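Trainee: Please pick one part of this model and take me through it closely, then show me how it sits in the rest. Explain each term when you first use it.

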Amino acid sequence: MSKATLPLAVHPVPAIRPMNSLKKKILRHWQLYVIMMFPLFCLILFKYVPMIGLQIAFKTYRVRAGIWNSPFVGWKHFIRFFESPSTMDIIWNTVSLSLYSIAASFPLAILLAIALNEAQHQRLKKMVQLITYAPYFISTVVLVSMLNQFLDPRIGVLSMMMQQFGIDTRNIMGNPDLFRHLYVWSGIWQSTGYSAIIYLAALTGISHELTEAAVIDGCTRIKRIWHVDLPGIRPSVVTLLVLNMGYVMSVGFEKVFLMQSPSILNVSEVMSTYIYRIGLQNSDYSYSTAIGLVNSIINLILILTVNQIARKTGEQALW
Amino acid sequence: MPKKIRLSIPDRIFMFCVYFFLFLAMLLVIYPLIFIISASFSEPSNVLTGKVWLLPVDFSLFSYQAVFKNKQILSGYFNSAWYTVVGTAISVALTIMAAFPLSRKGFYGKNVFMGLFLFTMLFSGGLIPTYLLLKNIGMINTRWAIVIPNAIAVWLVIIARTFFQQNVPEELYEAAEIDGCDDFRFLIKMVLPLSGPIVAVIALNYAVWIWNGYYDALIYLTDQKKYPLQIILRDILILNRVDINTVSDLESSMRKQGLAVVLKYSLIVVASAPLLVVYPFLQKYFVKGILIGSVKG
């Protein structure tokens with residue numbers, strides 16, 4: 001370290017004793033700790049203090065008694081959750097929605113990035129990027145209301161087009177068979193341009209020598225993409241896949257909640273919306289917290305497992 | 001690379017497919033947006049009868065007048081602006097304050113602090129415990145509930161830290177230290193002036209996040225006067241809770257019906273315009289954020 005090169009006068013630290021070295025290290029940069037105090041305070045108050053509140057999952061929360069003094073009931077809420085007939089449906093809804101979404105959106109984002117990378121026409125390339133990126137800035141509320149408007153049986157522009165082909169459009173948003181497709185494909189419309197950016201960056205990072213060698217060896221473009229480009233972006237793809245797989249159980253609340261209606265609740269109830277419904281609409285705090293805890297733990301196990309698998313198979317893991 | 005090389009037949013077919021795919025992607029994305037804008041500027045009855053499909057039919061600003069007359073929408077707009085400005089300022093300040101020490105070599109125990117931040121990405125107390133905490137400290141139904149509890153996004157802290165590590169060399173700090181500069185002054189006088197791009201990146205990400213979000217407001221706010229725009233939009237666009245008589249005094253029921261529909265399109269335009277108009281100019285900052293974020297820290 002460069003400590004030795006610093007003039008002592010700047011640091012009027014008294015006699016150097018090995019015992020004090022930790023104290024000294026901290027004192028030397030005490031201001032950094034002061035700076036860190038503010039974000040750390042926020043983090044501890046709003047992220048770690050609620051973890052103490054998780055104990056109400058094992059109690060029956062009473063407003064008067066508060067978190068600490070509510071009566072202890074052990075695993076009651078967890079048993080109730082796992083014995084409830086709808087639990088398996090909710091877990092299945094959550095997982096299938098996530099997996100469908102990942103399976104459909106990953107290839108398309110990669111495809112878009114490859115097409116953008118191949119396009120020679122710079123202006124067109126810029127324009128396609130700019131436009132496909134735009135929906136990312138539209139809010140979830142607006143996106144879902146666009147779905148509602150376009151698919152409205154009477155005045156929706158999409159349903160009018162579909163009627164031309166003789167498709168029954170009376171009840172698209174309320175049709176339980178269509179919910180997953182609408183959720184996933186509207187998500188693809190919104191975020192493919194955004195996701196493609198990262199792959200495009202990875203593609204431009206591939207060395208020109210490899211590409212040229214492939215061309216000289218007589219590779220067609222398709223072959224070049226297959227043998228040079230795809231392996232080149234593999235680390236990015238795996239990293240993102242690991243991240244996404246780790247969040248399989250935490251399907252975003254916002255969009256699902258807005259798309260829900262009584263007629264499609266059996267396919268659209270996912271963990272996050274169920275936790276909200278039980279907790280804030282039915283005010284069953286303890287039960288909701290227990291479900292939330294189960295969800296968090298499954299999530300934690302998932303991300304650790306997926307990361308471990310990625311590491312074992314020699315892929316780029318997150319840590 | 002020479003540009004004029006004649007492509008082989010398979011390559012030409014391939015290039016055709018590439019351009020076809022790009023055009024298709026562009027059309028699929030832009031058509032709904034164009035339709036919304038056109039519909040919002042059309043005479044309501046034409047939208048109702050399906051005459052509008054690409055360009056406005058009988059240009060009209062009628063529905064926009066209705067939108068801007070609605071007190072709820074205006075108050076939502078104002079609230080969202082407040083949340084976005086104040087929230088972004090708080091978030092950016094806290095993010096920099098977390099990222100700067102974490103980027104410094106001499107910060108003893110930084111792995112422990114980093115661990116504290118990272119752990120919150122993997123595990124959380126969840127909805128109800130957080131709700132109860134906010135209730136206990138009296139934050140429920142205050143404006144602060146929207147801007148403080150989720151002020152720090154850990155992935156943006158990581159991005160900022162990576163940026164500092166790459167762009168503020170430790171030697172610079174050592175030189176400054178010899179000249180008698182302490183950590184506070186180093187942050188303000190040296191680091192911040194070098195950090196324009198990263199501040200832009202994180203500020204924009206927070207701003208978009210706050211402007212478009214409704215989850216926190218849905219959970220923590222009960223007072224209509226504090227509702228952000230997205231909650232108002234949800235009421236009008238998705239729950240159809242709007243009384244058309246409050247926004248206009250139309251006689252004919254056909255126009256009234258049409259207005260109810262076109263009003264939604266105008267509202268979508270009004271709500272999305274601020275971001276969609278600004279983002280092309282700031283696109284490079286967003287892209288930069290994604291790219292720094294993708295570098296393993």
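Mentor: What follows starts with one helix of chain B and works outward from there.

This is a predicted model, in which local features need pLDDT of at least 70, side-chain atom pairs count only at pLDDT 80 or more, and totals for chains, interfaces and linings use all residues. Residues are numbered from 1 along each chain as its sequence is written, while chains are lettered from A and ligands numbered from 1 in the order in which they are written.

The part to look at is helix α8 of chain B, residues 154–167. Helices here are DSSP runs (H or I, at least four residues), numbered from the N terminus. Helix α8 of chain B has 14 residues, and from its first C-alpha to its last it reaches 20 Å. That is close to the 20 Å expected at 1.5 Å a residue, where the expected span is 1.5 Å times one less than the number of residues.

Next, burial. A residue is buried if 20 or more other C-beta atoms lie within 10 Å of its own, exposed if 12 or fewer, and partly exposed in between, with C-beta atoms placed from the backbone. In α8 of chain B the buried residues are B:Leu156, B:Val157, B:Ile158, B:Ile159, B:Ala160, B:Arg161, B:Phe163 and B:Phe164.

Take B:Ala160 from that list. Apart from neighbours within four places in sequence, B:Ala160 is in contact with B:Thr95, B:Ile96, B:Ala99, B:Ile198 and B:Ile202; contact means that the two C-beta atoms, placed from the backbone, lie within 7 Å.

B:Ala160 also belongs to a wider set. A nonpolar core is a set of buried Ala, Val, Leu, Ile, Met, Phe, Trp, Tyr and Cys residues joined through C-beta atoms within 7 Å. The largest such core has 128 residues, and B:Ala98, B:Ala160, B:Leu233 and B:Leu267 have the most contacts inside it. Helix α15 of chain B, residues 253–294, gives the most to this core, with 12 residues. The core also draws at least three residues from each of domain 1 (2–74) and domain 2 (79–312) of chain A. A second, separate core of 18 residues includes A:Ile197, A:Ile198, A:Leu200 and A:Ile233.

The bounds of those two domains come from an automatic or database domain assignment. The C-alpha centres of domain 1 and domain 2 of chain A lie 38 Å apart. Their contact takes 6 residues from domain 1 and 5 residues from domain 2.

Now the two chains together. In all, 79 residues of chain B are in contact with 75 residues of chain A. On the chain B side, helix α1 (residues 9–40) gives the most, with 15 residues. By class, this side has 57 nonpolar, 14 polar and 8 charged residues. Ala, Val, Leu, Ile, Met, Phe, Trp, Tyr, Cys and Pro count as nonpolar, Asp, Glu, Lys and Arg as charged, and the others, Gly among them, as polar.

One residue of helix α1 of chain B is B:Ala39. B:Ala39 counts as buried because 26 C-beta neighbours lie inside 10 Å. Not counting residues up to four places away in sequence, B:Ala39 touches B:Val47, B:Val52, B:Val262 and B:Tyr265. The C-alpha atoms of B:Ala39 and B:Ser60 are separated by 9.7 Å, with the two residues 21 residues apart along the chain.

For chain A, look at helix α7, residues 140–150: 10 of its 11 residues are buried, so this helix is largely enclosed by the rest of the structure. Among its buried residues are A:Val141, A:Leu143, A:Met146 and A:Phe150. Elsewhere in chain A, A:Leu230 is found in helix α11, residues 221–246. A:Leu230 is partly exposed because it has 14 other C-beta atoms within 10 Å.

Loops can be read in the same way. B:Asn141 is found in the loop between α6 (127–136) and α7 (144–147) of chain B. Phi of B:Asn141 is near 60°, a positive value in a residue other than glycine. B:Asn141 is partly exposed because 13 other C-beta atoms lie within 10 Å.

Last, confidence. pLDDT is the predictor's confidence in each residue, from 0 to 100. Chain B averages a pLDDT of 87, and 92% of the residues score at least 70. In chain A, pLDDT stays under 50 over residues 1–9. Where pLDDT is low, the predicted coordinates should not be read in detail. For the complex, the predictor gives an ipTM of 0.90 and a pTM of 0.89.

Note on methods
Helix = DSSP H or I, 4+ residues; strand = E, 2+ residues; numbered from the N terminus.
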